[in-house]
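This briefing covers helix packing, salt bridges and burial in a single protein chain. Please consult the sequence and the structure shown below while reading.

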Amino acid sequence: MSGKTLNKERRVYIDTNVLINYYRGLQEDTKAMEMLFKMRDCELYASVLTIAQTISTLQGNKQIKASRESVVTFVRKLANKIHFIGFTDKDIEAAFVMENSDLEDNLQYVIGSKLKCYYYVTNNVKDYKYNAISAITPSHVYTIDDRCVIQLMNHSDKAVCSVTDGFFMRHALFGYSYISLSSKANARKRVRTYCPRFAPFLSPLYY
């Protein structure tokens, strides 16, 4: 895996429930993980706590019935794609002083923040109400990739409003204005006005 420094928007933290569902082959989680693996200049992170929880659940849950060999193979596959990150007693103490009552979520947040991760991919978005991050479900992983967003804008009337809302909220971090989008035409106009570097990816039909 590359060791180069990336903008925090390209650093993605993966929650335990996503990895468990990926092993189980659930459609949204599997699609999300495979998409993340293929994204250019995107670094993926998970804490050693997450990996331990994943192993424990896969081996201990009678409904999953994961064999030792399959779990080992799965974790080794993850290790080739994801950075496994440890934590310290200071991280634990930092989690203790946070207002959120769920200490494990706090610890995951502290670990991810240390790495300057911006995206947290989780099936429990409501548990990650921290201002410095963007918690998204596996079904919204594609919004991380701006070119993918633009492709959707070119081909999908139905998806464009929700997708581009996330797109502009993200770019607001870099000084762009976030304006609620009500139509496909308005979305394209906003791209040309506020994010002109992505305008070349728009279909010429809409200029």
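A crossing of two helices is left-handed if the near helix is turned anticlockwise from the far one by less than a right angle, and right-handed if clockwise. By this convention, H1 passes H3 in a right-handed crossing. The model under discussion is predicted. The protein contains nine helices and five strands, and their order along the sequence is β-α-α-β-α-α-β-α-α-β-β-α-α-α.

**Overall composition**

- The protein has 207 residues, of which 46% count as buried.
- Considering contacts between residues at least 6 apart in sequence, 60% join residues at least 24 apart.

**Packing of H1 against H3**

- Helix H1 spans residues 16-24 and helix H3 spans residues 48-60; their axes are 9 Å apart and form an angle of about 40°.
- H1 is therefore oblique to H3, since an angle of that kind falls outside the ranges for roughly parallel (under 35 degrees) and roughly perpendicular (65 to 115).
- On the H1 side the contact is made by Thr16, Leu19, Ile20 and Tyr23, and on the H3 side by Thr50, Ile51, Gln53, Thr54, Thr57 and Leu58.
- By class, the contact of H1 with H3 comprises five nonpolar and five polar residues, with no charged residues.

**Packing of H1 against H4**

- Helix H4 covers residues 68-79, and H1 packs with H4 at an angle of about 120°, the axes being 12 Å apart.
- This angle makes H1 oblique to H4.
- H1 and H4 cross in a right-handed sense.
- Leu19, Tyr22 and Tyr23 of H1 meet Ser70, Phe74, Lys77 and Leu78 of H4.
- The contact of H1 with H4 divides into five nonpolar residues, one polar residue and one charged residue.

**Phe74 in helix H4**

- Phe74 belongs to helix H4.
- Phe74 counts as buried because its relative accessible area is 9%, and the cut-off for buried is under 20%.
- With neighbours within four places in sequence left aside, Phe74 is in contact with Leu19, Tyr22, Tyr23, Thr54 and Leu58.
- Among these residues, Leu19, Tyr22 and Tyr23 also appear in the contact of H1 with H4, while Thr54 and Leu58 take part in the contact of H1 with H3.
- Phe74 and Leu19 are 55 residues apart along the chain, and their C-alpha atoms are separated by 9.7 Å.

**Salt bridges**

- With a salt bridge taken as a side-chain nitrogen of Lys or Arg within 4 Å of a carboxyl oxygen of Asp or Glu, the count is two.
- One salt bridge joins the side chains of Lys77 and Glu34, with an N to O distance of 3.7 Å.
- Lys77 lies in helix H4 and Glu34 in helix H2 (residues 27-38), so this pair ties together parts that are 43 residues apart in sequence.
- Lys77 counts as partly exposed at 38% relative accessibility, and Glu34 counts as partly exposed at 30%.
- Another salt bridge is formed by Lys114 and Asp91, whose closest N and O atoms are 2.7 Å apart.
- This pair links distant parts of the chain, with Lys114 in helix H6 (residues 103-114) and Asp91 in helix H5 (residues 89-96), 23 residues apart.
- Lys114 counts as partly exposed at 44% relative accessibility, whereas Asp91 counts as buried at 7%.

Notes:
Residues are numbered from 1 along each chain as its sequence is written. This is a predicted model: local features need pLDDT of at least 70, side-chain atom pairs count only at pLDDT 80 or more; totals for chains, interfaces and linings use all residues. Side-chain values use heavy atoms; hydrogens and water are left out. Axes are lines fitted to C-alpha atoms, for helices over the stretch in contact, and angles run from 0 to 180 degrees between N-to-C directions. Helices (H or I, at least four residues) and strands (E, at least two) are DSSP runs, numbered from the N terminus. Angles under 35 degrees count as roughly parallel, over 145 as roughly antiparallel, 65 to 115 as roughly perpendicular and the rest as oblique. Contact means heavy atoms within 4.5 Å. Ala, Val, Leu, Ile, Met, Phe, Trp, Tyr, Cys and Pro count as nonpolar, Asp, Glu, Lys and Arg as charged, and the others, Gly among them, as polar. Buried means under 20% relative accessible area, exposed over 50%, partly exposed in between (1.4 Å probe, protein chains only).
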